[in-house]
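Reader: Please give me a careful, close look at one part of this model, with the cut-offs behind each term stated as you go. I would like one connected account rather than a list.

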Amino acid sequence: MVTTIVASSLATSLFVSSASHSYPSSSSSSLFFMKLSSSSGLSFSFSAAPLCSGRAKFMAHTLVRATLSLTQPVNVQHPKIFIAAKEIDVAEWKGDILAVGVTEKDMTKDENSKFQNSILKKLDDLLGGLLAEASSDEDFTGKAGQSTVLRLAGIGSKRVGLFGLGQSASSLADFRGLGEAVAATAKTAQASSVAVILASSEGLSNESKINIASTIASGTVLGIHEDNRYKSESKKPQLKSVDILGLGTGIELEKKLKYAEDVSNAIIFGRELVNSPANVLTPAVLAEEASKIASSYNDCKELKMGSYLGVAAASENPPHFIHLCYKPPSGPIKAKLALVGKGLTFDSGGYNIKTGPGCSIDIMKIDMGGSAVVLGAAKALGQIKPPGVEVHFIVASCENMISGTGMRPGDIVTASNGKTIEVNNTDAEGRLTLADALVYACNQGVEKIVDLATLTGACIVSLRPSIAGVFTPNDDLAKEVFEASEVSGEKFWRMPLEESYWELMKSGVADMVNTGDRQGGAITAALFLKQFVEEKVQWMHIDLAGPIWNDKKHVATGFDISTLVEWVLKNSF
């Protein structure tokens, strides 16, 4: 993986135009570069101006402030889960839990209350009819979400569980849910080994079996994960192995299971980035996490990102611009892509501070959810190593805070493509950072860009929290991403880019304002971003403000990583 990361302390290395706040220029003192190596041999460059006495005091204050809470995540080593596909008789499998996925049809019984399904009949015979008896006693009919687990002697497994798939398991989401349900049972039972088998797999094509097996594996790995890094006490999952029975074996299936493992690990990485509190995951720490993915480095450039730096101006934690680039180990490059993620590690709203019921300031650590998706995809693709495609991963990371140096309502900032923006709302800051990131992405010579951001509450109002809004003028790109989402099982809905709404974004003193009125807010936000993408580049904006976070469980979901990885793979052939 040939990877580049630019993670620059931009406050000390960029010249900003007069329309935005000026940071100290690096021209008066040479930059120094520090090369950091990770355990996997990856390296990273970090640039900053040498500290003068005033700057040293400022940085010292920053360090004190950042460590004042004494909160640091526990270094949790996630247990390695070995996933294997096996073709053995259910009666011969030995382990803690044998999980059987059943449809309502599979639960059909004859006049003697005996199962007609061959696998269920075999298990029931081995258990002396107790499986049929227990399913009747507990009114288990195979409906989606139902489960019953028996702890019985008589076969090699310590427990046998039936997990409902509904009338028919027609989508990969059903099988992902099966894996998650098995994981929940394994956690409760503190099981170290499980096997999953479908009661009915006849008639499935070989391709379907491979996809179902990998989806079950992914659901199980993601379901077993708990982010306990900030808890003083927690139980560690004991699960060490997952066997997928009855869906075949072979090299192609092994490759797909490895793919599921790589993507699942990337989703966990993304979840933990979003879950991290803003006093721990500062822009510098986000850049450090990115450095663990990279393998080489470049010098930082003076990019004149006035829109981005205007947002960062109030924070004592300096901004960090992150750029990673994946190139295949060999062969020609057929497509050049970019993934751009919003990276606000905390959003106070600035002078338009978030106040009142529903403002969600208490969870504004999640405003870097787009960057977590981008870095999670980078982590997965670095392991998968797809041929024929070059991918740039770009994040403009900073905080949106309040201070005497902060951006004010009414200020005019100048983006790196020269366009001027009147800031009429400092809480519409994510689009300001993305503007410069999109210009930068276009300058890399890419053909397609997908940007991802927790951008608007308006999109949640439109689609509710479980569906992401998609905005693009390119039908072909929309088709590609929606086909990828069918594989991942994640939900997206294409929204209109109504050009007439751009009138709401006109300024009397600058090229544009950064926000329109409340109506159609997600659309005008997307139209704003469109101003910073070259016409020749296919572009898509995904507003994932809703599905990035599970409000009921108060944890991140890892949404969209799987879809983006699948999309990149579709562009690699």
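Author: Cys359 has a relative accessible area of 21% and is therefore partly exposed, a class lying between buried, which is under 20%, and exposed, which is over 50%, with a 1.4 Å probe and protein chains only. Cys325, by contrast, has a relative accessible area of 5% and so counts as buried. A search of the whole structure finds zero disulfides, a disulfide being a pair of cysteine sulfur atoms within 2.5 Å.

The model is predicted, so that local features need pLDDT of at least 70 and side-chain atom pairs count only at pLDDT 80 or more, while totals for chains, interfaces and linings use all residues. Residues are numbered from 1 along each chain as its sequence is written, and side-chain values use heavy atoms, with hydrogens and water left out.

The part that deserves the close look is strand β9, residues 193-198, where six of six residues are buried; strands here are DSSP runs of E with at least two residues, and helices are runs of H or I with at least four, both numbered from the N terminus. In a regular strand the side chains alternate between the two faces of the sheet. In β9, Ser193, Ala195 and Ile197 point one way and Val194, Val196 and Leu198 the other, with all of them buried.

Strand β9 also has parallel partners, where two strands pair if DSSP finds at least two bridges between them. Five bridges join it to β6, residues 95-102, and within that pairing Val100 stands opposite Ile197. Another five bridges join β9 to β10, residues 241-245, again in parallel, and there Ile244 is the bridge partner of Val196.

Burial can be followed outside this strand as well. Leu309 belongs to helix α8, residues 306-312, and counts as buried because its relative accessibility is 0%; its C-alpha atom is separated by 10.0 Å from that of Ser397, although the two residues are 88 apart along the chain. Thr515 sits in the loop between β20 (512-513) and α13 (521-530), and at 17% relative accessibility Thr515 too counts as buried. Leaving aside neighbours within four places in sequence, Thr515 is in contact with Asn424, Asn425, Ala428, Arg431 and Met505, where contact means heavy atoms within 4.5 Å.

Ile402, in the loop between β14 (389-400) and β15 (412-414), is instead partly exposed, because its relative accessible area is 39%.
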